[in-house]
Amino acid sequence: MRRLNVELAARSYPILIGRGLLGRAELLLDHLRSPRVALVSNVTVAPIYGNAFIKALEGVGVGVTAIILPDGEAYKTWESLNRIHDSLLAARCDRATTIVAIGGGVIGDLAGFAAATYQRGVPFIQIPTTLLSQVDSSVGGKTGINHARGKNMVGAFWQPQLVLADTDTLQTLPPRELSAGLAEVIKYGLIRDLPFLDWLETNMDGLMARDGDLLAEAVERSCANKAEVVAADEFETAKDGGRALLNLGHTFGHAIETGMGYGEWLHGEAVAAGTVMAAE
């Protein structure tokens, strides 16, 4: 298992990367305020990973309230956010209840925003199951929902207590999702890590073939790059670029996603096209 830390003083947290981590529910115990969690997932991920993880949590004495949402960018809305809030209230979840997101970027952003707003803030853990969410959206504390006038325009900065990236989940990704995630991986090489970009060019065939060791290395190096940037500019306010560097390709990419209709293009696909546009 590989371990990184996002250094944010009192809000610092670890990123754990490796195979089989979803089978190790005990890794969450030191990051819970109480033995109770609300697990947020979607109808695609829950049958593959969520149900087994719930049993694993219950096996180490943690009670679970499951909240299962529809799948897709089109559901990153107020309605889905309120559905989470409704479920938390119905289950009488208190401020010590930890919200655990298990899924891709949409689930992570929704669950994180719910955690930031429920009872003015409850603990939050990210368990990203796509390459894009493992290397990007699960790290850094940006949460939110989409608006008809723009992507991610409503949200909050809310750092997780832990990010648990099980690279075995990447073996079940559709090829299109894998490619979309690699677009965000390549971004780190372009903005700040030329040796990593060279490494990616050398190992791209192996990454596309889902070599486990290569994927773990790519996730670790991507997360290390993002963690350094976030630690230096947590709220994206630096005047010298800072965290805004992570947005390479996103200005055009978000316009593509909004204009085409949420869900028509995957986020990574739009960012890839946006990066080419920005370079030109």
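I take a residue as exposed when its relative accessible area is over 50% and as buried when it is under 20%, with partly exposed in between. By that cut-off Arg-19 is exposed, because its relative accessibility is 63%. I note at the outset that the model is predicted.

**Entry 1: the salt bridge of Arg-19**

I looked up the partner of Arg-19 and found a salt bridge with Asp-168, in which the closest N and O atoms are 2.7 Å apart. The two residues belong to distant parts of the chain, 149 residues apart. I placed Asp-168 in the loop between strand 9 (162–166) and helix 5, and Arg-19 in the loop between strand 2 and strand 3 (36–42). Unlike the exposed Arg-19, Asp-168 counts as partly exposed, because its relative accessibility is 28%.

**Entry 2: further salt bridges**

I counted salt bridges over the model and arrived at 15. One of them joins the side chains of Lys-142 and Glu-236, with 2.6 Å from N to O. This pair also links distant parts of the chain, 94 residues apart: Lys-142 is in strand 7 (residues 142–147), and Glu-236 is in the loop between helix 7 and helix 8 (250–260). I recorded Lys-142 as partly exposed at 33% relative accessibility, and Glu-236 as partly exposed at 29%.

I then turned to Arg-192 and Glu-228, whose side chains form a salt bridge at 3.0 Å, N to O. Arg-192 lies in helix 5 and Glu-228 in helix 7, so this salt bridge ties together parts that are 36 residues apart in sequence. Arg-192 is partly exposed at 36%, and Glu-228 is partly exposed at 47%. I also noted a network in which salt bridges with shared partners join Arg-2, Glu-217, Glu-220 and Arg-221.

**Entry 3: helix 7**

I examined helix 7 itself, which covers residues 212–232 and has 21 residues. From its first C-alpha to its last, helix 7 reaches 31 Å, close to the 30 Å expected at 1.5 Å a residue. At the start of the helix, I found a side-chain oxygen of Asp-211 within 3.1 Å of the backbone nitrogen of Asp-213.

Which elements do the buried residues of helix 7 pack against? I listed strand 1 (2–6), strand 2 (13–18), helix 4 (131–137), helix 5 (175–192) and helix 6 (194–208). The buried residues of helix 7 include Leu-214, Leu-215, Ala-218, Val-219, Val-229 and Val-230. Among them I also noted Ser-222, Asn-225 and Lys-226.

**Entry 4: Lys-187**

Is Lys-187 buried or exposed? I found Lys-187 in helix 5, and it is buried, with a relative accessible area of 2%. Its side chain makes a polar contact of 2.8 Å with the side chain of Glu-184. Not counting residues up to four places away in sequence, Lys-187 touches Asp-136, Leu-246, Leu-248 and His-250.

**Entry 5: Gly-50**

I last looked up Gly-50, which is in helix 1 (residues 45–59). Gly-50 is buried, because its relative accessible area of 1% is under the 20% cut-off. Leaving aside neighbours within four places in sequence, I found Gly-50 in contact with Val-45 and Ile-102. I also noted that the C-alpha atoms of Gly-50 and Gly-103 are separated by 8.7 Å, although these residues are 53 apart along the chain.

Methods. Residues are numbered from 1 along each chain as its sequence is written. This is a predicted model: local features need pLDDT of at least 70, side-chain atom pairs count only at pLDDT 80 or more; totals for chains, interfaces and linings use all residues. Side-chain values use heavy atoms; hydrogens and water are left out. Helices (H or I, at least four residues) and strands (E, at least two) are DSSP runs, numbered from the N terminus. The expected span of a helix is 1.5 Å times one less than its number of residues. Buried means under 20% relative accessible area, exposed over 50%, partly exposed in between (1.4 Å probe, protein chains only). Contact means heavy atoms within 4.5 Å. A polar contact is a pair of N or O atoms within 3.5 Å; within protein, one must be able to donate a hydrogen and the other to accept it, and residues adjacent in sequence count only if both atoms are side-chain atoms. A salt bridge is a side-chain nitrogen of Lys or Arg within 4 Å of a carboxyl oxygen of Asp or Glu.
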